[in-house]
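Student: Please take one part of the structure below and examine it closely. I would then like the answer to widen to the surfaces where chains meet.

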Number of protein chains: 8
Amino acid sequence: MSDAPRVGIVMGSDSDLDVLQETARMLDALGVGYEVTVASAHRTPERTRRWVHDVVARGVRVFIAGAGGAAALPGFIASETTLPVIGVPIPSVLDGLDSLLSMAQMPKGIPVATVAIGKPGAANAGILAAQILAVGDAALAQRLVTHRAEMAREVEVRARKVQEALGHGG
Amino acid sequence: MSDAPRVGIVMGSDSDLDVLQETARMLDALGVGYEVTVASAHRTPERTRRWVHDVVARGVRVFIAGAGGAAALPGFIASETTLPVIGVPIPSVLDGLDSLLSMAQMPKGIPVATVAIGKPGAANAGILAAQILAVGDAALAQRLVTHRAEMAREVEVRARKVQEALGHGG
Amino acid sequence: MSDAPRVGIVMGSDSDLDVLQETARMLDALGVGYEVTVASAHRTPERTRRWVHDVVARGVRVFIAGAGGAAALPGFIASETTLPVIGVPIPSVLDGLDSLLSMAQMPKGIPVATVAIGKPGAANAGILAAQILAVGDAALAQRLVTHRAEMAREVEVRARKVQEALGHGG
Amino acid sequence: MSDAPRVGIVMGSDSDLDVLQETARMLDALGVGYEVTVASAHRTPERTRRWVHDVVARGVRVFIAGAGGAAALPGFIASETTLPVIGVPIPSVLDGLDSLLSMAQMPKGIPVATVAIGKPGAANAGILAAQILAVGDAALAQRLVTHRAEMAREVEVRARKVQEALGHGG
Amino acid sequence: MSDAPRVGIVMGSDSDLDVLQETARMLDALGVGYEVTVASAHRTPERTRRWVHDVVARGVRVFIAGAGGAAALPGFIASETTLPVIGVPIPSVLDGLDSLLSMAQMPKGIPVATVAIGKPGAANAGILAAQILAVGDAALAQRLVTHRAEMAREVEVRARKVQEALGHGG
Amino acid sequence: MSDAPRVGIVMGSDSDLDVLQETARMLDALGVGYEVTVASAHRTPERTRRWVHDVVARGVRVFIAGAGGAAALPGFIASETTLPVIGVPIPSVLDGLDSLLSMAQMPKGIPVATVAIGKPGAANAGILAAQILAVGDAALAQRLVTHRAEMAREVEVRARKVQEALGHGG
Amino acid sequence: MSDAPRVGIVMGSDSDLDVLQETARMLDALGVGYEVTVASAHRTPERTRRWVHDVVARGVRVFIAGAGGAAALPGFIASETTLPVIGVPIPSVLDGLDSLLSMAQMPKGIPVATVAIGKPGAANAGILAAQILAVGDAALAQRLVTHRAEMAREVEVRARKVQEALGHGG
Amino acid sequence: MSDAPRVGIVMGSDSDLDVLQETARMLDALGVGYEVTVASAHRTPERTRRWVHDVVARGVRVFIAGAGGAAALPGFIASETTLPVIGVPIPSVLDGLDSLLSMAQMPKGIPVATVAIGKPGAANAGILAAQILAVGDAALAQRLVTHRAEMAREVEVRARKVQEALGHGG
């Protein structure tokens with residue numbers, strides 16, 4: 001159900017793929033097309049800049065950047081475009097707190113939309129990108145409503161499982 | 001230059017106004033209309049829910065929620081809508097770290113786009129909201145590009161000021 | 001020895017069951033009846049609200065809510081009732097510090113009685129709920145005294161074990 | 001409107017009075033009687049123990065203990081009674097984070113119901129004590145419902161103030 | 001080479017034995033006698049008090065207390081005696097940071113000599129106790145000097161090992 | 001009432017004097033003689049080493065070292081002597097947390113007896129030094145008991161003050 | 001005594017000048033020439049890149065970059081050059097901890113030599129830059145030795161001041 | 001390709017070798033000679049001092065010191081020389097945060113060039129040492145440029161790998 005690439009996903013290292021696969025899965029589920037690459041703000045700044053401008057030319061309208069440690073990647077991309085940029089902190093030796101602060105604490109003028117550390121954040125980055133695109137795409141907005149309802153139903157299934165495990169609940 | 005309300009700004013307490021005024025100023029500067037209220041996820045959940053649905057009916061397409069401490073407000077709003085929600089952590093006794101974590105660390109399924117603690121974050125929330133709306137609004141996208149260029153020129157002015165103060169620089 | 005449900009236990013996800021089983025065991029040991037469910041402040045707000053009001057109607061007088069990350073669940077419940085609400089932080093990527101702050105740092109007006117992160121806190125949530133109910137239940141108050149004395153005896157057993165292991169002590 | 005002492009308030013130092021006065025005010029507002037003292041787990045353990053048993057004999061059913069730094073006071077009281085004990089972290093050089101952890105992270109067996117750092121927590125400690133007593137006191141339960149409604153009305157007043165200040169809102 | 005008990009070692013739980021065995025080993029190596037027990041400031045305050053006064057009567061002159069979480073044990077002992085008390089933070093869910101703060105941040109009047117988290121701290125607690133006793137015990141002071149020299153020699157052995165592994169060094 | 005110097009007090013900078021004056025006052029109150037200097041582990045290592053050996057020759061038996069930031073001073077002194085060394089963390093930009101960790105987290109073999117950050121810790125360093133010397137000095141031990149009793153009486157005075165301020169208490 | 005510019009100092013905002021003036025003063029004192037500018041990794045990436053390459057062409061051999069919050073500036077410069085880059089964290093709402101982590105936690109391949117938060121770090125950045133240049137400049141190396149000796153003498157002056165204030169010391 | 005020793009690598013314990021091997025590998029790859037030893041600021045201060053002066057006499061011009069916990073080693077070395085000193089924080093119970101602060105937060109006058117915690121930092125310490133030496137060594141400067149280009153090529157290889165894994169990207 002994926003359409004043409006509207007989201008650009010970039011990670012600082014291929015070791016971040018395990019986390020950012022959650023983003024890809026969520027965008028697949030929501031029917032939002034994306035491009036993905038590895039690029040480093042620090043090791044390949046020129047390549048990263050070029051990629052940003054290339055994918056914008058190909059139709060990308062939202063960026064998702066995952067990085068760990070001194071996670072400059074989403075801010076770097078945000079400095080190259082005025083499109084919305086979402087940052088996914090990747091946990092490493094300090095459990096992602098360094099990465100979270102490196103993304104969230106951006107200076108006045110250049111926002112990064114920071115989500116949760118690790119896999120929950122990676123999945124949410126996909127949803128947030130879809131929410132942004134859905135402001136101008138009623139079909140996608142409808143798919144987000146459907147996805148929300150499915151999550152709610154899943155909670156009810158899990159509630160029954162827990163009530164059976166403990167033997168308590170109405 | 002403001003148009004009809006497209007952004008809903010909500011703060012947990014009127015003591016947050018000092019910070020969130022930066023959001024209002026930025027949206028004014030970018031020509032994006034907004035509505036503003038005080039509503040608490042904890043003290044007035046019903047009022048908050050009603051406000052979300054009312055302003056969506058009036059055309060709001062992005063939310064900005066500022067709160068301190070156990071800052072549940074942006075997550076509360078995100079649970080009531082599939083529109084994008086931006087969270088602004090407000091510093092209090094722990095300098096806003098509690099508030100930042102309460103916003104950023106949302107569970108899988110319900111993202112909050114978290115920005116920096118305090119006034120820089122409040123200004124950036126305004127820019128991020130504009131970036132989101134600009135995905136489908138070419139005139140606003142152009143105003144964002146202009147605003148970015150103005151910021152760059154301001155840095156050059158400040159560079160000269162610093163070079164004069166220290167008497168060094170090319 | 002459990003009586004009719006007087007405690008409502010709710011967890012944000014069925015993956016929290018491993019921790020909150022400690023609560024259930026403690027309430028079983030203290031002869032306090034309870035109901036349990038899975039409900040999310042963020043994914044199923046309406047279901048959570050309904051559950052709160054339903055179990056209050058069935059006799060629940062204290063709530064225990066466990067959640068991880070941006071742990072809004074106990075505060076959400078506290079916003080729907082004036083009954084006492086106990087929060088159990090569940091550790092995840094940041095070891096539960098985010099969850100602890102999201103519960104403890106509630107704004108003026110809506111308290112959450114926060115206990116320790118993880119299993120020790122989950123067991124203590126059961127004791128605290130029993131202590132609250134015991135203010136008006138002399139038999140339960142007596143069972144708490146007995147439980148306290150049993151813990152003290154267990155410490156003595158462990159003291160002997162350690163003294164034997166090290167071969168030192170009076 | 002205060003009735004006979006049902007809450008025992010204790011602080012580690014008279015310098016904590018500024019914070020714990022919020023507790024006293026809230027209990028006054030809710031019509032809950034209390035006794036108050038200064039006692040230190042570390043400097044006057046014997047005095048503290050005696051006070052706990054004395055006030056229980058005089059009818060106290062809930063304790064509120066405020067302390068800063070290595071805030072052992074609420075845990076000390078909880079070790080002397082099976083009545084509910086509420087802990088209020090008082091900010092000092094580390095902004096109260098040390099105090100919060102010293103209260104919340106109690107070992108299995110002896111809970112402390114920890115609330116927010118400083119004045120918001122002190123006020124909430126009063127509400128939580130009232131909620132606990134209200135489980136067996138319908139009149140007090142009703143006063144808590146009224147207090148909640150008053151808070152909600154106050155939020156609406158503040159919303160209007162903010163809307164007037166910014167000139168935006170419905 | 002151990003003499004009569006001069007150090008009292010106490011741990012909050014037998015699960016702390018793995019860490020505090022380092023203390024016992026160090027005291028054995030330095031020829032300092034000790035008694036050991038399990039006692040909890042929170043679960044068995046009366047037993048803990050009694051033990052403090054009993055072992056002082058039997059000749060103990062320094063205390064070492066290990067505990068995790070809201071680690072009140074060393075402060076509790078320090079409130080019962082004016083002899084020196086050493087605290088060993090035991091790591092649990094927050095890696096011992098909570099325990100470290102609960103020991104180090106004691107209020108004015110009642111010091112706890114806090115050492116490092118976990119096994120290095122447990123060994124150092126033994127050395128520190130010996131250093132305290134050695135102020136009035138020249139033979140023990142000499143054994144501490146010898147132990148220090150042995151450590152220095154061990155570093156040289158390790159230096160050669162590392163130089164061989166890397167093939168570099170003078 | 002001060003006797004010959006038995007405690008060596010050293011601070012990393014004269015700006016630490018405001019905090020370490022609390023140590024001097026406490027030692028004066030307890031009748032314990034001391035020497036004081038400014039010496040830096042980093043800026044004057046040779047001077048610091050010489051001072052350690054000089055004051056030991058003049059009778060010093062316990063060291064108290066206060067420092068901020070990367071507070072290497074107490075560990076530096078502990079590396080030059082096997083006498084007990086007490087560390088007082090001095091708050092600076094990170095509120096003393098860096099200094100606390102730089103002292104408490106010493107490696108196996110070289111303990112530093114770390115006390116609280118700032119003035120409460122500085123006063124406690126004086127008490128702890130006195131407690132260490134009192135192991136072999138019955139008159140000093142008695143003065144510590146008297147000091148403890150005075151503190152307890154002071155708490156009672158403060159309790160009355162608070163009870164009068166609030167008009168509650170038995 | 002300053003020679004031709006060999007150090008490039010850059011700050012993210014002119015509000016950082018108060019801190020980075022310490023760097024300029026230290027370089028002046030050590031006779032090391034420098035250029036200074038304001039440039040932002042996020043607001044003016046192109047200007048920042050151009051400045052790096054321009055000043056290298058004019059003889060700069062070491063960079064010093066000061067920034068607060070998500071402090072990407074030193075890493076940005078390090079990605080544009082293989083010359084040594086020193087980072088000075090500037091304190092803001094989180095006391096500079098975010099800035100410290102954003103600089104120190106650089107990924108493998110692109111180091112930033114991070115110094116202390118705020119003014120002490122800014123002065124040290126100047127010394128470190130001089131130390132780097134002194135590897136190939138014997139006269140500068142000699143000036144560093146002289147500066148070190150002056151610092152040591154200043155400590156002795158301060159020691160006398162403290163000893164006079166307290167009336168203790170040899 | 002290694003030349004004569006120009007870098008002195010020192011670790012506080014042979015258990016740090018696993019991390020500092022990354023430094024050795026990087027210096028090997030860049031053709032920079034080094035000496036390595038184990039020496040402790042705390043356990044073998046005299047040996048450490050001697051080693052510093054010995055290796056300087058043999059031609060070392062930059063130091064790299066790795067240590068965990070209260071990581072005084074790089075500061076200790078910096079107090080013995082005016083050559084540049086690089087600090088590598090080694091993670092232990094607090095994930096290296098204590099070590100990072102013990103290195104970065106050095107007082108005014110004695111800088112330590114602090115890099116990232118653990119292996120990425122150890123590798124970067126090698127690069128930074130090479131960058132420092134390359135200021136006066138054009139051949140080494142050229143090898144750094146080549147190494148940077150190799151890293152960039154490696155990122156492109158990884159980008160292709162990720163794009164193949166996900167099946168998306170240009």
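Student: Where in chain F does Arg143(F) lie?

Tutor: Arg143(F) belongs to helix H6 of chain F, which covers residues 138-166. Helices here are DSSP runs of H or I with at least four residues, strands are runs of E with at least two, and both are numbered from the N terminus. The model is predicted, and local features need pLDDT of at least 70, side-chain atom pairs count only at pLDDT 80 or more, while totals for chains, interfaces and linings use all residues. Residues are numbered from 1 along each chain as its sequence is written, chains are lettered from A and ligands numbered from 1 in the order in which they are written, and side-chain values use heavy atoms, with hydrogens and water left out.

Arg143(F) has a relative accessibility of 24% and therefore counts as partly exposed; buried means under 20% relative accessible area, exposed over 50%, and partly exposed in between, with a 1.4 Å probe and protein chains only. Although 114 residues separate Arg143(F) from Ala29(F) in sequence, their C-alpha atoms are 9.3 Å apart in space.

Thr114(C) offers a contrasting environment. It is found in strand E5 of chain C, residues 113-114, and is buried, with a relative accessible area of 0%. A polar atom of its side chain lies 3.4 Å from the backbone nitrogen of Ala104(C). Leaving aside residues up to four places away in sequence, Thr114(C) touches residues of chain C, including Gly87(C), Leu100(C) and Met103(C), and residues of chain D, including Val112(D) and Thr114(D). Such contact means heavy atoms within 4.5 Å.

Backbone geometry brings in another residue of chain C. Asp95(C) has a phi near 65 degrees, a positive value in a residue other than glycine. The loop between strand E4 (85-90) and H4 of chain C holds Asp95(C), and at 22% relative accessibility this residue counts as partly exposed. In chain D, Asp95(D) likewise has a positive phi of about 65 degrees although it is not a glycine. Its place is the loop between strand E4 (85-90) and helix H4 (97-104) of chain D, and Asp95(D) also counts as partly exposed, at 22%.

H4 appears again where chain C meets chain B. That contact takes 22 residues from each of chain C and chain B. About 1,800 Å² is buried between them, with carbon and sulfur atoms giving 62%; buried area is the accessible area (1.4 Å probe) that two parts lose on being put together, summed over both. His42(C), Ala70(C) and Gln105(C) supply 30% of the area that chain C buries against chain B, more than any other three residues. There are 2 salt bridges between the two chains, a salt bridge being a side-chain nitrogen of Lys or Arg within 4 Å of a carboxyl oxygen of Asp or Glu. Arg49(B) forms one with Glu80(C), where the closest N and O atoms are 3.6 Å apart. The count of residue pairs in polar contact, both at pLDDT 80 or more, is 7. A polar contact is a pair of N or O atoms within 3.5 Å; within protein, one must be able to donate a hydrogen and the other to accept it, and residues adjacent in sequence count only if both atoms are side-chain atoms. Helices H2 (45-57), H3 (73-78) and H4 (97-104) of chain C each give two or more residues to this side, and H4(C) gives the most, with 3 residues.

Chain B also meets chain A, through 40 residues on each side. Between these chains about 3,200 Å² is buried, 64% of it from carbon and sulfur atoms. Thr82(B), Pro111(B) and Arg148(B) lose the most area to chain A, together 20% of what the chain B side buries. The interface has 2 salt bridges; in one of these contacts, Lys108(A) pairs with Glu22(B), the closest N and O atoms being 3.8 Å apart. Polar contact links 19 residue pairs across it, both members at pLDDT 80 or more. Among the elements giving two or more residues to the chain B side are helix H1 (17-30) and helix H6 (138-166) of chain B, while H5(B) gives the most, with 8 residues.

A rotation of 180 degrees with 0.0 Å of shift along its axis superposes chain B on chain A, with an RMSD of 0.0 Å. The two copies are thus related as by a two-fold rotation axis. Moreover, 100% of the interface residues of chain B are also interface residues in chain A, so the copies meet through the same surface.

Technical notes. Copies are superposed by least squares on the C-alpha atoms of residues with pLDDT of at least 70 in both.
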